[in-house]
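Trainee: I'd like to learn how to read helix packing and confidence in a model like this one. Can we go through it together?

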Amino acid sequence: MKIQKLFSSMALVFLCIGVFVWYLFPVYYTVATSLKPRVYVYDPSKWIFTPSLDGYKAALSTGVLSRMGISMVVAGVTTVSSLFIGSLAAYAIARFRFPFRMTVLTLFIMVRYIPPISLIFPLLIISKILHLFDTVWILIMAYHLLAITFTVLMMSGFFKSIPESLEEAAMLDGCSRLGAFLHITLPVAAGGLFATTVFVFIYAWSEFTYAMFLTAFQARTWPTTLSRFMGIRGVEWGPLTATTTMGILPVLLLTLVVRRYIIQGLTFGLLEVEK
Amino acid sequence: MTCPVLCGKHSVGIANVKKEIRFAIWAVTPATVAVVLLSIACFSLLFYLCFLSLPSGVSWSERQFVGFQNFTRVFSRPETLQSLFLSFAYPIIVTVGALLVGFCVALIVVNRSPRLKPIFVAAIIVPQVIPMLAAGVMWKLIFNTEFGVLNYFLANLFQVRINWLGAASPALFAVILVDIWRSSGFMGLVCLAAMEALPKELFEAASIDGANFLQQIRHIMLPLLFPVILMACILQLVASLHAFDHIFIMTTGGPGSATSLLSLAAYRIGIARGMLGEGSVYALILSILALIVSYGPIRLLRRQFK
């Protein structure tokens, strides 16, 4: 009996370790490879080594930092503007019954589920006609499509969960509807708003499909540099893993801050799971 | 009093209703106009592109109307049928796989101590937020034939080496595994949250009545979780249909066209080979497929906003 118990608890420990290995090993291995000295990058048997910055130096010498700067600009502009436009619309959808309310919502979710690769071709033509090809503007425009729909779907869930009586009280005291929204509802929904901000930023920061095919040289964002390290001469794993690590580090840190909202972010509250 | 226009009970006078509606319409217009304009422009252009031939790259002024020629060419290609099949099969395999893995992970994690659980949850979240492209890079490193860590273990343990990304079936397995890795995080989180919401007394009562662990899962947990799991699967199906980034970086649809989903076919024909019209046909098929599948999430949403 005692042996059986020991056996099952050991199995449990193995299973728990298995969970961590399954989810974290690829990330660990990438970060570890990025820190390997150049001679060991192609040697999987090397588990212990003195870390070196060879990969990072090689990556930085190709101008990855300026690519990240462009990503930052694109993501920043997209986040601020789509958050503003989107949360206003979300508030209206959550609070009022106006004509075509359901149509608007349905449209948003349909747009949310259009595969980005499908829009590459028309966006390519639009960018050429408007002379926006290879500028940050076409990227910002393309990202708005998803960023706005995401914000609307996510924020309307948050706004719906805030009791209306709060605003009514403010409005009885002479606040306008916009005032009530700005001074009462937004601060109460601050947590959700912040989470939405982070998700939109992460999306625009790491988007690849549009960035790859709508830019050529000037407006390349950092994800597109990854495919550049996979040239004809083979894959340069050192700088490649280093760039990947630098790119996902802010994502992981930001996610840690908003982990409470992650299920809502993935489903925009479509799943009602009590927590 | 209950106002017919505003949701729920309202103490704001009827005189203000007009003002309220004006505010609502004013607030919802910018987002709607932006999304509607852009998506309608893109969609009609995509539709138009399917009937065009753009000879030198994407020079719009040299376009030629070619009727259904693009469609006949696309459907006479043998790979098209394969791409269609892959685009159907891939989301289903990924969803089922992710559900199985995620459910098991949730089972392992759900009864751990409250101090350990946040660490588990943090680990499960990680693949979810890593960009699919970066995930592709990570797994490409693991799957590498000569110095990949997976082949290193296989060679040491079983003396086999598999050409993971260079042979048809292993490559397909690899790209599916990457998506399962990522999606099992989502499924795990959803299952975990749903399991935590179940009342403990149910399981205590069942174990007093002599039900063992598996019976408890089969007869108590699964029926109760079924609605949540079903909805999570619907969302996952739609999301997997979008798969592009990690396949692009791992195999670019190859070897041959073994991993060439519709999205990859659109890229390979439309951009790599420069036949924008034919690529648009693939893109159009894919979007129609996505619109059909998005009926699921739309119904979920409508129920919630009624």
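Helix pairs and confidence

Mentor: Sure, start with chain B: the axes of helix 5 (residues 132-143) of chain B and helix 7 (residues 168-197) of chain B cross at roughly 125° and come within 10 Å. In general, two packed helices are described by the angle between their axes and the distance between the axes. This is a predicted model, where local features need pLDDT of at least 70 and side-chain atom pairs count only at pLDDT 80 or more, while totals for chains, interfaces and linings use all residues. Residues are numbered from 1 along each chain as its sequence is written, and chains are lettered from A and ligands numbered from 1 in the order in which they are written.

Trainee: How are helix 5 of chain B and helix 7 of chain B oriented to each other?

Mentor: They are oblique, therefore neither of the named classes (under 35 degrees is roughly parallel, over 145 roughly antiparallel, 65 to 115 roughly perpendicular, the rest oblique). Helix 5 of chain B passes helix 7 of chain B in a right-handed crossing.

Trainee: Which residues of helix 5 of chain B and helix 7 of chain B meet?

Mentor: B:Met132, B:Ala135, B:Gly136, B:Trp139 and B:Phe143 of helix 5 meet B:Ala174, B:Val178 and B:Arg182 of helix 7; contact means C-beta atoms, placed from the backbone, within 7 Å. By class, this contact has 6 nonpolar, 1 polar and 1 charged (Ala, Val, Leu, Ile, Met, Phe, Trp, Tyr, Cys and Pro are nonpolar, Asp, Glu, Lys and Arg charged, the others, Gly among them, polar).

Trainee: At what angle do helix 6 of chain A and helix 9 of chain A pack?

Mentor: Helix 6 (residues 136-160) of chain A and helix 9 (residues 190-206) of chain A pack at about 160°, with axes 10 Å apart. They are therefore roughly antiparallel to each other. Their contact has 12 nonpolar, 3 polar and no charged residues.

Trainee: How many residues does the contact take from chain A and from chain B?

Mentor: Chain A gives 88 and chain B gives 91. Helix 5 (residues 116-129) of chain A gives the most to chain A's side, with 12 residues. That side divides into 62 nonpolar, 16 polar and 10 charged. For the complex, the predictor gives an ipTM of 0.88 and a pTM of 0.89.

Trainee: Where in chain B is confidence lowest, and where highest?

Mentor: Use pLDDT, the predictor's confidence in each residue, from 0 to 100. Helix 13 (residues 295-305) of chain B is lowest at a mean of 80, and helix 3 (residues 78-110) of chain B highest at 93.

How values were computed:
Axes fitted to C-alpha atoms, helices over the stretch in contact; angles between N-to-C directions. Helix = DSSP H or I, 4+ residues; strand = E, 2+ residues; numbered from the N terminus. Contact = placed C-beta atoms within 7 Å. Left-handed = near helix turned anticlockwise from the far one by under 90°.
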